[in-house]
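Work through the exercises below with the model open. Try each task before you read its solution.

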Amino acid sequence: MEDLYERIVADLKQKQTISPEDLKTLLADREETHESRLFAAARERAVQTFGKQIYLRGLIEFTNYCKNDCYYCGIRAGNARAKRYRLSEEEILACCNRGETLGFRTFVLQGGEDPFYSDDDICGIIEKIKKKHPDCAVTLSIGERSREAYRRFFESGAERYLLRQETANEAHYSMLHPPAMSAENRKRCLWDLKEIGYQVGCGFLVGTPGQGVSEIYEDLIFMQELQPQMIGIGPYLAHQDTPWRDKPDGNVTDTLRLLSVLRLLFPKALLPATTALGTADPKGREKGILAGANVLMPNLSPAAVREKYLLYDGKICTGEEAAECVKCLSDRIEQIGYTVAESRGDHPDFCQ
Ligand code: SF4
């Protein structure tokens with residue numbers, strides 16, 4: 001087993017490859033010394049590329065309305081108990097102003113799929129942010145839209161787009177989503193975004209019902225084809241007001257191991273240690289960084305709306321002001337020997 005594990009980590013490091021059998025071995029193995037070797041290899045690779053620096057992205061959750069009904073999500077349209085809110089353009093711009101003062105160089109506009117904000121509205125918001133904060137990157141995370149909309153957002157100044165594929169396997173996708181949604185359209189969106197010129201982020205939840213090693217492997221293959229610049233993974237966490245309220249949460253250990261695999265397969269990718277990871281384990285974000293992640297996404301949304309953007313139960317950081325979040329995360333980063341980066345944190349292939 002010792003030799004087998006060594007060989008799997010060596011293949012990941014040197015050839016940037018893993019077979020389905022090796023992925024299965026890696027996830028099934030419970031020997032901690034093996035695991036720490038995998039984490040060390042991934043961490044070393046992240047430091048080679050980025051140094052011991054962590055990029056902060058200021059997350060602005062500007063609407064929790066969503067027209068979709070994904071079975072795992074707390075803000076799905078069918079959840080009548082969700083307290084809905086939308087931020088006005090002025091409120092979004094105020095979050096950015098506050099964010100720049102706190103040192104952020106990236107703003108992530110995230111929301112449910114909310115048709116209330118037309119393509120024109122989104123373009124207008126992007127243009128105003130870029131005019132006021134020309135040195136900051138704008139990342140969108142607003143779901144599936146037309147190729148034409150993506151092109152217009154890009155021309156308005158958005159540089160990055162996050163859209164998790166959730167699962168590349170069509171049958172598994174149908175288990176997680178209602179019939180109106182399809183893996184095919186999800187992938188179409190990701191390819192459109194890539195072709196338009198965005199730095200693209202994709203990803204998946206770890207431990208969703210129906211997910212086995214073969215589904216995870218399919219995600220790795222899809223991502224090797226897509227070659228995204230950012231990859232977000234986090235454990236599946238149940239929400240009490242969804243049809244899946246009784247499904248068990250995803251596993252932190254599996255999430256950390258997969259983070260390391262992703263770091264070794266995609267050495268230059270921006271990998272967040274997600275809030276879901278920090279929710280599942282009080283030290284989850286630190287553990288994520290020590291397993292190869294290099295991004296954190298503190299919340300810049302007004303404190304009054306934070307506890308309404310609940311994709312899953314128990315979400316952390318819903319009570320603090322933005323400045324408290326930044327201070328808390330900076331301290332946590334320093335305690336494990338890293339520092340907060342001051343630059344925008346573009347993918348190395350997109351740095352001027
Ligand atoms: S996962 Fe996204 S698209 Fe699906 S219901 Fe939640 S916010 Fe909407």
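**Exercise 1. Classify a helix residue.**
Is E218 buried, exposed or partly exposed?

*Solution.* This is a predicted model. Start with the neighbour count. E218 has 18 C-beta neighbours inside 10 Å. The buried class needs 20 or more, and the exposed class 12 or fewer. E218 therefore counts as partly exposed. Next, place the residue: E218 belongs to helix 9, residues 213–226. Then look for partners beyond four places in sequence. E218 is in contact with A168 and N169. Finally, take a long-range pair. P20 is 198 residues from E218 in sequence, yet their C-alpha atoms are 9.1 Å apart.

**Exercise 2. Repeat the test on a second residue.**
Is V305 buried or exposed?

*Solution.* Find V305 in helix 13, residues 303–306. Count its neighbours: 20 other C-beta atoms lie within 10 Å. The cut-off for buried is 20 or more. V305 is therefore buried. Now check the distance to K83. The two residues are 222 apart in sequence, and 9.2 Å separate their C-alpha atoms.

**Exercise 3. Trace the six-stranded sheet.**
What is the order of the strands in the open sheet of 6 strands, and which strands stand at its edges?

*Solution.* The order reads 2-3-4-5-6-7, and the pairing is parallel. Strand 2 (58–63) and strand 7 (230–235) each have a single partner strand, so these two stand at the edges, with one side left without a neighbour in the sheet. From one strand to the next, the twist averages 20 degrees.

Now walk along the pairs.
- Strand 3 (residues 106–111) pairs with strand 4 over 5 bridges, in the parallel sense. L109 faces L140 of strand 4 here.
- Strand 4 pairs with strand 5 (residues 160–162) over 2 bridges, again parallel. T139 has R160 as its bridge partner in strand 5.
- Strand 6 (residues 199–206) pairs with strand 7 over 6 bridges, also parallel. G203 has G232 as its bridge partner in strand 7.

Add the helix that covers the last pair. Helix 10 (residues 252–265) lies across strands 6 and 7, at about 165 degrees to strand 7.

**Exercise 4. Follow the chain around strand 4.**
What is the handedness of the β-α-β unit made by strand 3, helix 5 and strand 4?

*Solution.* Go from strand 3 through helix 5 (residues 119–132) to strand 4: the unit is right-handed. Continue through helix 6 (residues 147–156) to strand 5, and this crossover is right-handed too. Then test the surroundings of strand 4 (residues 137–141). Of its 5 residues, 4 are buried, so the rest of the structure largely encloses this strand.

**Exercise 5. Read the smaller sheet.**
In what order do the 3 strands of the other open sheet stand?

*Solution.* The order is 8-1-9, with parallel pairing. Strand 8 (295–296) and strand 9 (339–340) are at the edges because each has a single partner strand. Strand 1 (residues 53–56) joins strand 8 over 2 bridges. L56 stands opposite L296 of strand 8.

**Exercise 6. Describe a helix pair.**
How do helix 1 and helix 3 cross?

*Solution.* Take the axes of helix 1 (residues 2–15) and helix 3 (residues 32–50). They come within 10 Å and cross at roughly 10 degrees. Angles under 35 degrees count as roughly parallel. The two helices are therefore roughly parallel to each other. Their crossing is right-handed. Helix 1 makes the contact with Y5, V9 and K13; helix 3 uses H34, R37, L38 and A41.

Definitions and conventions. Residues numbered from 1 in each chain as written. Predicted model: local features only at pLDDT ≥ 70, side-chain atom pairs only at ≥ 80, totals over all residues. Pairing = 2+ DSSP bridges. Right-handed = clockwise from strand over helix to strand, strands pointing away. Axes fitted to C-alpha atoms, helices over the stretch in contact; angles between N-to-C directions. Parallel < 35°, antiparallel > 145°, perpendicular 65-115°, else oblique. Left-handed = near helix turned anticlockwise from the far one by under 90°. Contact = placed C-beta atoms within 7 Å.
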